[in-house]
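Here is a set of questions and answers on one protein chain. Look over the structure first, then work through the turns.

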Amino acid sequence: MTAEHTDLSALERLLAEQDERQLDAHEFKAVFRRHPAGVAVVALRHEGQPVGFTATSVISVSAAPPLLAFSLASTSSSWPAVSGAATLAVSFLADHQHDVSARFATSGIDRFAAGGWSSLATGEPVIDGAVSWVRARVLQRTPVGDSYLVSLRALSAGSPAADAAGDAAGHGVRAPSPLVYHDRTYHRIGGHSAL
């Protein structure tokens, strides 16, 4: 078998795979509407101003080294800021913060105007009352379809809501559960939902 024949076979396989039927956007979205996702706000500084957006695509990639990732549409108003960012913060929202999630998912508004956030000493904004946050360095921005997969290395973390609940434990205050998005609705998880 010649190298030319091998290359042709590989090309034919690739073309056949590209001709396979694939899910259309509506079908694909329907699948993921039924897949619950944690809700986070990704925030950073760009030209001295805070920039942030809601993300349900944050995933853990590796514990050693500590890596995480999220996806962002190339058409997002936040993409220009993320495309040049060195560091950012990911705040994992608590179950009472559905209004924060909705605000950071709304286009055309100042998402930070209503307050409820503070800056780390390094400048990245974090959401007050979040279950936890991670400050991370951007490692890679990989174009995938009409989005970018943004890979991050975790540098530091905090759990302000859990710390506050721990301080108030003697007063019957529970640690907040994470905010979850499923089938276009916000949910809370906790002891009542454990199997």
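Q: In the hairpin of strand 2 and strand 3, which residue takes a positive phi near 50°?
A: This is a predicted model. The hairpin has two residues between its strands. One residue in that loop has a positive phi although it is not glycine. With phi near 50°, that residue is E47.

Q: Is E47 buried or exposed?
A: E47 is found in the loop between strand 2 and strand 3. Its relative accessibility is 72%. The cut-off for exposed is over 50%, so E47 counts as exposed.

Q: Over how many bridges do strand 2 and strand 3 pair?
A: The two strands run in the antiparallel sense. One of the pairs sets H46 opposite Q49 in strand 3. The pairing of strand 2 and strand 3 covers seven bridges.

Q: In strand 6, which residue is the bridge partner of A43?
A: Strand 2 is joined to strand 6 by four bridges, and the two run antiparallel. V41 has S91 as its bridge partner in strand 6. For A43, the partner is A89.

Q: How many residues of strand 2 are buried?
A: Strand 2 spans 40–46. It pairs with strand 3 and is also joined to strand 6. Strand 2 is mostly covered, and of its seven residues the buried ones number five.

Q: Why is strand 6 largely enclosed by the rest of the structure?
A: Strand 6 is joined to strand 2 by four bridges. It also pairs with strand 9 in the antiparallel sense over six bridges. There, L88 stands opposite A136. Strand 6 is largely enclosed because its buried residues number five of six.

Q: Which residues of the largest nonpolar core touch the most other members?
A: In soluble globular proteins, nonpolar side chains tend to be buried together. Here the largest nonpolar core has 20 residues. Elements giving two or more residues to this core include strand 5 (67–73), helix 3 (79–84) and strand 10 (147–158). The members that touch the most others are F70, V82, L88 and L152.

Q: Which residues does V82 touch, not counting residues up to four places away in sequence?
A: V82 is among the core members that touch the most others. Helix 3 (79–84) is one of the elements that give two or more residues to that core. Leaving out residues up to four places away, V82 touches L44, F53, F70, L72, R141 and V150.

Q: How many residues are in the second, separate core?
A: This core stands apart from the largest one. Its members include V41, V100, F112 and I127. V41 is also the bridge partner of S91 in strand 6. The second core has ten residues.

Q: Which element supplies the largest share of the lining of the largest pocket?
A: The largest pocket has a volume of about 1,600 Å³. Its lining has 42 residues, and those nearest its centre are K29, F32, T56, S57 and S71. Elements that supply at least two lining residues include strand 3, helix 4 (98–104) and strand 11 (179–182). The largest share, five residues, comes from helix 2.

Q: By class, how many residues in the lining of the largest pocket are charged?
A: The lining is sorted into three classes. There are 21 nonpolar and 14 polar residues. The charged residues number seven.

Q: Which strands are the edge strands of the open sheet in the order 1-11-12?
A: Three strands form this sheet, with antiparallel pairing. Strand 11 and strand 12 pair over four bridges, and H182 stands opposite T185 in strand 12. An edge strand here pairs on one side only. The edge strands are strand 1 and strand 12.

Q: What is the relative accessibility of D183?
A: D183 is found in the loop between strand 11 and strand 12. Its phi is near 50°, a positive value in a residue other than glycine. D183 counts as partly exposed, with a relative accessibility of 40%.

Q: Which residues are joined by a cis peptide bond?
A: The bond has an omega of about 5°. P65, one of the two partners, is found in the loop between strand 4 (59–62) and strand 5. The joined residues are A64 and P65.

Key: Residues numbered from 1 in each chain as written. Predicted model: local features only at pLDDT ≥ 70, side-chain atom pairs only at ≥ 80, totals over all residues. Heavy atoms only, no water. Core = buried A, V, L, I, M, F, W, Y, C linked by side-chain atoms within 4.5 Å. Buried < 20%, exposed > 50% of the residue type's maximum accessible area, 1.4 Å probe, protein only. Contact = heavy atoms within 4.5 Å. 1 Å grid on protein atoms, 1.4 Å probe; cavity = no way out; pocket = protein on both sides within 12 Å on 5 of 7 lines; lining within 4 Å. Points joined across faces, edges and corners; volume = space filled by probe spheres on them. Nonpolar A, V, L, I, M, F, W, Y, C, P; charged D, E, K, R; others polar. Pairing = 2+ DSSP bridges.
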